[in-house]
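Trainee: I would like a close look at a single part of this model. Please take one helix and go through how it sits among its surroundings.

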Amino acid sequence: MTRSTLTYNPAGVMFPNTGLSPDDLKALAARLDAARKEVLADAELWKNHGPVPAAKEPLDAGFIDLPDRLLAEYAKDRERSELGRILLCAKRLSDAADRLVVLGIGGSYMGARALFEACCHPYHNELSRADRGGYPRLYFEGNNADNDAAQGLFDLLGRKPKFNTVDDRWAMVVISKSGGTLETAVAFRTLLGALREATGNDAQKLASLVVPVTGENGRLFELSKALGCRETFYIPDGVGGRFSVFTAVGLLPAAAIGLDIIKLLEGAAAMNEHFRTAPVEKNVVLQYVGVCQLLEEKRGLQTRVLSTWGKGLEAAGLWYDQLLAESLGKQERGALPLTVVNTRDLHSRGQQHQQGRRDKLITNVIVDQVKRDRISVGRSDLDQDQLNSLAGKTLPEIMAAAIAGTNQAYAEDERPTADLHFPRQDECSLGQYFQMMMLATVVEGRLIGINPYGQPGVEAYKKHMNAYLRK
Ligand code: PA5
């Protein structure tokens with residue numbers, strides 16, 4: 001089993017007047033420990049189907065031991081287990097089609113997108129099938145009602161394509177826990193029509209190229225039965241949308257594009273072990289919650305900037321934006337999450353973060369090892385750009401200097417920063433990160449008395465939108 005290797009260093013928040021002192025964190029330790037115990041007790045309660053007190057409804061604590069359960073069942077039952085079935089289906093899809101469209105919105109797509117952007121080649125969809133390792137290209141739809149974006153996807157898939165070889169074929173994973181989300185349902189109906197046409201109205205072919213992931217009842221569930229889909233995956237009760245990345249919601253698209261979902265789950269399980277057993281002062285989940293909460297309460301830092309260094313983690317940050325916003329943005333409370341990508345956004349948001357309102361905690365997400373050979377600055381006869389003085393410096397060295405320089409600039413103005421380190425940008429680190437942030441969010445909810453599960457506020461827009469449409 002992989003050990004937790006994510007590290008969290010809040011040294012950059014320790015300022016006498018605008019930040020914290022180590023004693024502040026020590027003083028919160030007992031409450032953090034109590035919140036951890038409550039979260040673990042919630043997980044037990046959910047597992048044992050115990051009666052849920054009204055104040056805890058809904059209690060979607062099923063995500064907590066999900067990675068451990070999936071791995072244990074796979075070790076025992078291999079292909080008959082949920083994970084085994086996901087792996088088989090992913091292989092079937094990737095052998096059958098060159099383009100895979102994932103339909104879903106919110107928690108039903110953001111995890112898969114985060115994995116795609118963080119772990120695949122940055123130009124995966126532009127590579128030849130051979131250079132993609134035989135895995136399909138990946139597209140996301142059903143996450144908006146944007147006409148021209150959808151038409152763009154149709155252009156790509158081809159309205160009347162040949163459908164004989166793998167290069168011509170496309171397939172769909174349609175994801176909706178409720179089964180009734182309008183954006184996803186409309187995209188599904190539209191694309192289903194196109195796929196039906198492409199398969200020449202062959203119902204069996206169609207049923208093999210559509211894989212629904214949904215709850216065990218609802219409209220999508222009924223539709224998948226009517227279509228006779230070869231496989232349907234279920235999102236278990238007790239696992240909410242934004243906590244579902246370790247169900248088929250995240251695992252199936254990830255496995256279909258060749259990502260190692262066992263390593264992903266091992267990373268998450270390692271984070272679980274760390275969360276359960278590490279003392280408060282060494283516990284990355286609890287230290288992260290403690291720093292965020294104390295700075296919000298004592299210093300009014302209500303904006304939490306997740307500052308990702310490098311291009312591949314933007315979607316992982318957006319996944320966290322959704323998790324935090326939908327979980328704790330309730331009862332007129334909840335910090336504002338904001339993902340930035342640096343060094344890019346030093347040239348857009350940097351000014352405000354350096355000198356704007358003092359309402360921000362900046363958490364840097366730093367990847368320690370690059371995956372590819374290091375590019376270095378070359379020496380040139382044309383030194384008008386004066387880069388010869390930097391000849392031999394590598395891009396990782398330039399990035400490290402940017403991180404250190406930015407942290408120093410913030411420190412000089414007593415702007416709090418903390419660093420979250422990934423050893424590599426890979427499945428194992430992403431698994432740890434997802435589980436760390438999901439645990440942190442529910443711990444914080446328990447700490448401040450907000451139920452992190454459910455999103456009653458999202459229903460209002462849906463109600464009004466439907467009313468306008470049916471007028
Ligand atoms: O976290 C959540 O529950 C939401 O963000 C949902 O994932 C999102 O609203 C999509 O819902 P559904 O999967 O039911 O279509």
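Mentor: A good place to begin is the end of the helix: H8 is followed by Gly 228, which has a positive phi, near 70°. The model is a predicted one, and what follows is to be read as a description of that prediction. Helix H8 itself covers residues 219-227.

Its buried side comes next. Leu 220, Phe 221, Ser 224 and Leu 227 are the buried residues in H8. Viewed down the axis of H8, these buried residues fall within an arc of 130°, so they line one face of the helix. The general background is that an α-helix has 3.6 residues a turn, so residues three or four places apart point the same way. The face of H8 that is turned away from the buried side carries exposed residues, namely Arg 219, Lys 225 and Ala 226.

Several elements take part in covering the buried residues of H8. Among the helices, the cover includes H6 and helix H7 (203-209). Among the strands, it includes E4 (170-176), E5 (210-214) and E6 (233-234).

Of these neighbours, H6 can be described in detail. Helix H6 spans residues 182-198, and it packs against H8 at an angle of about 10°, with the two axes 13 Å apart. An angle under 35 degrees counts as roughly parallel, and H6 and H8 are therefore roughly parallel to each other. On the H6 side, the contact is made by Phe 188, Leu 192 and Arg 196. On the H8 side, Leu 220, Leu 223 and Leu 227 make it. The residues of this contact divide into 5 nonpolar, no polar and 1 charged. Two of the H8 residues in the contact, Leu 220 and Leu 227, are also listed as buried in H8.

To put the parts together: H8 has a buried face and, turned away from its buried side, a face with the exposed residues Arg 219, Lys 225 and Ala 226. The buried residues are covered by elements including H6, H7, E4, E5 and E6, and H6 runs roughly parallel to H8. After the helix comes Gly 228 with its positive phi.

Conventions. Residues numbered from 1 in each chain as written. Predicted model: local features only at pLDDT ≥ 70, side-chain atom pairs only at ≥ 80, totals over all residues. Heavy atoms only, no water. Axes fitted to C-alpha atoms, helices over the stretch in contact; angles between N-to-C directions. Helix = DSSP H or I, 4+ residues; strand = E, 2+ residues; numbered from the N terminus. Parallel < 35°, antiparallel > 145°, perpendicular 65-115°, else oblique. Contact = heavy atoms within 4.5 Å. Nonpolar A, V, L, I, M, F, W, Y, C, P; charged D, E, K, R; others polar. Buried < 20%, exposed > 50% of the residue type's maximum accessible area, 1.4 Å probe, protein only. Arc of directions from axis to C-beta.
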